[in-house]
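Student: Please choose one part of this structure and look at it closely with me. I am in my first year, and it would help to have each term explained where it comes up.

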Amino acid sequence: MPQHIKRLIGVFAIFIVLFLVMRQVLKPSSFGELGHFRAKAIYENTLRPMHYTIADSCTKCHKSIRADKDQGFHKKLKCEVCHGPGLKHSLFANQFKGKELPDSLILYKPGERKDCAICHQINAARIKILFDTINNTMIKQIDVAEHNPPDLKANEPAKCIDCHNPHQP
Ligand code: HEC
Ligand code: HEC
Ligand code: HEC
Ligand code: HEC
């Protein structure tokens, strides 16, 4: 075998041994126990605080709103899509029934025009679906600036919810 090939094999052998040693040293202890990832990562994630509740838990205390929503165009939207994470509210709001909720339990009420625009503003990038009955997109889109804009002269900003019930638009 020519001399230079022997040296090359030597160099490769050194690298392979180095790789195996470093791998043993650097590999996290729980790697590979359950698959190609750190098994401990699952445990670490269970320790993170929860923010969202299960979809149906709002219904327990807000039955009539849920009933309204189920009859309208927003029936498929979950409450927390609009109101934000509601776990703490769901657990503790009942202690304040009939009283004012403390700030930490008050949920966001998306009543501004920009809140509805998140989903309803015309957006060319939105996915198009063949044979969809709603103008070929999942959601009815409007030009929010054009659609019943606030009457600035009368100084009466027309919020979307002045005309549309958010729970049954
Ligand atoms: C354990 C009962 C309970 C559960 C579960 C619950 N709420 Fe409430 N919620 C209340 C109470 C009590 C109030 C205080 C005002 C009232 O009596 O309507 C309230 C008020 C609200 C308000 C109005 C706050 C304000 O500033 O006017 C919103 C919005 C709301 N809840 C949304 C939700 C959503 C979304 C969920 C599900 C994630 C939820 N609630 C789950 C009991 C509950
Ligand atoms: C499309 C977004 C949207 C969804 C989905 C939604 N809400 Fe609301 N919700 C609003 C807005 C906006 C207001 C503020 C209405 C106002 O100020 O008149 C509101 C107000 C409320 C209030 C305060 C009392 C009232 O009637 O104004 C409660 C309680 C509430 N929502 C609970 C719920 C629950 C429970 C669900 C799920 C069943 C839900 N919301 C789903 C947008 C939404
Ligand atoms: C998270 C996305 C989302 C948000 C936020 C949202 N909507 Fe919707 N909206 C929908 C979906 C989905 C439908 C059902 C499909 C449709 O009819 O466009 C719908 C339907 C509607 C419709 C009926 C359209 C029709 O087909 O005639 C109106 C009106 C409407 N929404 C008003 C509002 C208003 C007002 C707000 C703000 C309070 C709002 N929406 C916030 C997703 C959203
Ligand atoms: C002054 C009252 C008024 C205000 C404010 C208003 N709307 Fe409307 N909206 C209507 C009426 C009435 C219709 C049904 C007739 C039509 O299609 O123009 C409608 C229709 C819609 C539709 C269905 C459009 C379609 O092509 O069928 C959507 C979605 C909608 N509005 C969302 C919104 C959003 C989002 C806002 C806030 C940015 C808003 N609206 C503000 C009165 C209003």
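Tutor: Let us begin at ligand 1, where an oxygen atom of the ligand lies 3.0 Å from an N or O atom in the side chain of lysine 109. This is a polar contact, meaning a pair of N or O atoms within 3.5 Å; within protein, one of the two must be able to donate a hydrogen and the other to accept it, and residues adjacent in sequence count only if both atoms are side-chain atoms. The model is a predicted one, in which local features need pLDDT of at least 70 and side-chain atom pairs count only at pLDDT 80 or more, while totals for chains, interfaces and linings use all residues. Residues are numbered from 1 along each chain as its sequence is written, chains are lettered from A and ligands numbered from 1 in the order in which they are written, and side-chain values use heavy atoms, with hydrogens and water left out.

Two histidines also reach ligand 1: a polar side-chain atom of histidine 62 lies 2.8 Å from a nitrogen atom of the ligand, and an N or O atom in the side chain of histidine 89 is 2.8 Å from a nitrogen atom of the ligand. The elements that supply two or more residues to the shell around ligand 1 are helix 4 (79–83) and helix 5 (87–92), where a helix is a DSSP run of H or I with at least four residues, a strand is a run of E with at least two, and both are numbered from the N terminus. Helix 4 contributes the most to this shell, with three residues. There are 18 residues around ligand 1, and Cys58, Cys61, His62, His89 and Lys109 come nearest; a residue is near a molecule or strand if one of its heavy atoms lies within 4 Å of it. By character, the shell divides into seven nonpolar, eight polar and three charged residues, with Ala, Val, Leu, Ile, Met, Phe, Trp, Tyr, Cys and Pro counted as nonpolar, Asp, Glu, Lys and Arg as charged, and the others, Gly among them, as polar.

Now consider the metal itself. The iron atom of ligand 1 is coordinated by His62 (NE2) and His89 (NE2), at 2.0 Å; donors are N, O and S atoms within 2.8 Å of the metal (3.2 Å for Na, K and Ca), and sites may look incomplete because water is not among the atoms. The six donor atoms of this iron atom make angles of 88 to 179 degrees, and the site is octahedral. The two histidines link distant parts of the chain, since histidine 62 is in the loop between helix 2 (40–46) and helix 3 (63–70) while histidine 89 is in helix 5, 27 residues apart. As for the word octahedral, six donors earn it if opposite donors are over 155 degrees apart and all others between 65 and 115; four donors under the same two conditions count as square planar, four count as tetrahedral if all angles lie between 85 and 135 degrees, and anything else is irregular.

The two histidines can also be described by their accessibility, where buried means under 20% relative accessible area, exposed means over 50%, and partly exposed lies in between (1.4 Å probe, protein chains only). Histidine 62 is partly exposed because its relative accessible area is 39%, whereas histidine 89 is buried because its value is 15%. Serine 90 is placed in helix 5 as well, and with a relative accessible area of 24% serine 90 is partly exposed. From serine 90 to isoleucine 54 the C-alpha to C-alpha distance is 9.9 Å, although they are 36 residues apart in sequence.

To set this site in context, look at the iron atom of ligand 3, whose protein donors are His74 (NE2) and His120 (NE2), lying 2.0 Å from it. Its six donor atoms make angles of 88 to 179 degrees, and this site is octahedral. Here histidine 74 is in the loop between helix 3 and helix 4 and histidine 120 is in helix 6, 46 residues apart. Histidine 74 counts as buried, because its relative accessibility is 18%, while histidine 120, at 25%, counts as partly exposed. The shell around ligand 3 divides into 13 nonpolar, three polar and two charged residues.
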